[in-house]
Amino acid sequence: MIARIYALILKEFLALFLDKSSRMAIIVPPIIQLFVFGYAATFDLNKVRLAILNEDSGAVSRELISRFQGNPTFDIVAHLQSEHGIAAMIDHEKTLMVLRIDNACSRQAVRGESCSVQVLIDGRNSNTAMLALNYVRAIVTDFNEELMARQNLGLPARLAVRAWFNPNLESRWFIVPGIIALLGMIVTLVVTALSVAREREDGTFDQLLVTPMRPWEVMVGKSLPGLLVGLFEVSLIIALTVYWFKIPLHGSLLTLYPALVIYLLSVIGVGLMISSFSTTLQQALLGSILFIVPAVTLSGFTTPIANMPLWMQHLTIINPMRYFLIVVRRVFLEGTEIRFLVHEIWPMAVIAVCTLSLATWLFRHRLH
């Protein structure tokens, strides 16, 4: 029995790695996707185009403007002379926002009164607009506190912020660990889904039927190559995450890898189910895409699950990526031990058992 399974595993690896295009498809695209997501998918704004309309000639307004000029996040693209230029700047997307300072701002500030500082912002991209607005609020708040301190005015409350687990609040620390779950699923699912379909398309599936191998032995022989390839790919991505993107791994690999194996087994079960239904590689690839898109959407990778409708939140219960996303982010950022991740690991184990059992039944059904 072991010899038969070993022979099938060896055959799967030869089919994957003897073909140059298959080798490239397994190794190169995930690495490219990691760098694309790692650098392009970010919630941070590095350059905010800002135009300034300063109607005040006092020292307070000049000092406030200097705060924006000295901040690397803001790129001052224009100093407007009148309010008539505001609409053209925003309408033609020459600037994201306009900072308008009232002509009496300095006089009011010296008297201890609040002065009018208006921000006009392009709201066509609401996420970008809200991020930029938060940056402006932070600068103005710090400026107000320093100004009041110089005038010996007491502050009713001073906010001290300390971010745990991500001190600099870099969105990349949140996104890149999630990419580990995403690419691990894509690679493992595609490799597994194409396995039986390749047999049918190459005409070797009938030869597999006449062998003394039982259906579960075929499933094991088809599953292990996908598991090993997935472990290799994820290990490579973890190394790049730590050593290239400089995202600290606070937890232990001994915590991460048991959960990873269970996660990949649940994905392999789905891949084998897709492969059992597919008669061509094109059908298997299409089936994989049809699973990947909703799985990523319902995982919390981009949209928090709590923000989804209640009926859709219930759908996420059967999505293994939902649970592994929590595991990988908590291990990376919090250093969580495995005993605190049981509530995420056991649902993945249940999904793995169900999908692998159903895949074996489907394969046996197709054999007969």
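Here are a few notes on the sheet and one helix pair in this predicted model.

1. Start with the sheet. It's open, with four strands in the order β2-β1-β3-β4, and the pairing is mixed. The edge positions go to β2 (74-80) and β4 (117-121); each has a single partner strand, so one side of each lacks a neighbour in the sheet. Going from one strand to the next, the twist averages 25°.

2. If you want a spot to look at the strand pairing, try β3 (residues 97-101) and β4: they run antiparallel and are joined by five bridges. Within that pair, Met97 sits opposite Ile121 of β4.

3. Next, what packs on the sheet? Helix α6 (residues 126-150) does, and it touches β1 (48-54), β2, β3 and β4. The direction of α6 makes about 165° with that of β4.

4. Away from the sheet topic, have a look at helix α10 (residues 253-277) against helix α13 (residues 320-333). Their axes lie 10 Å apart and the packing angle is about 165°. Since the cut-off for roughly antiparallel is over 145 degrees, α10 counts as roughly antiparallel to α13. The crossing of α10 past α13 is left-handed.

5. Which residues make that helix contact? From α10 come Thr255, Leu256, Ala259, Leu260, Tyr263 and Ser266, and they meet Pro320, Met321, Phe324, Val327, Val328, Val331 and Phe332 of α13. Sorted by class, the α10 contact with α13 comprises 11 nonpolar and two polar residues, with no charged ones.

Terms used. Residues are numbered from 1 along each chain as its sequence is written. This is a predicted model: local features need pLDDT of at least 70, side-chain atom pairs count only at pLDDT 80 or more; totals for chains, interfaces and linings use all residues. Side-chain values use heavy atoms; hydrogens and water are left out. Two strands pair if DSSP finds at least two bridges between them. Helices (H or I, at least four residues) and strands (E, at least two) are DSSP runs, numbered from the N terminus. Axes are lines fitted to C-alpha atoms, for helices over the stretch in contact, and angles run from 0 to 180 degrees between N-to-C directions. Contact means heavy atoms within 4.5 Å. Angles under 35 degrees count as roughly parallel, over 145 as roughly antiparallel, 65 to 115 as roughly perpendicular and the rest as oblique. A crossing is left-handed if the near helix is turned anticlockwise from the far one by less than a right angle, and right-handed if clockwise. Ala, Val, Leu, Ile, Met, Phe, Trp, Tyr, Cys and Pro count as nonpolar, Asp, Glu, Lys and Arg as charged, and the others, Gly among them, as polar.
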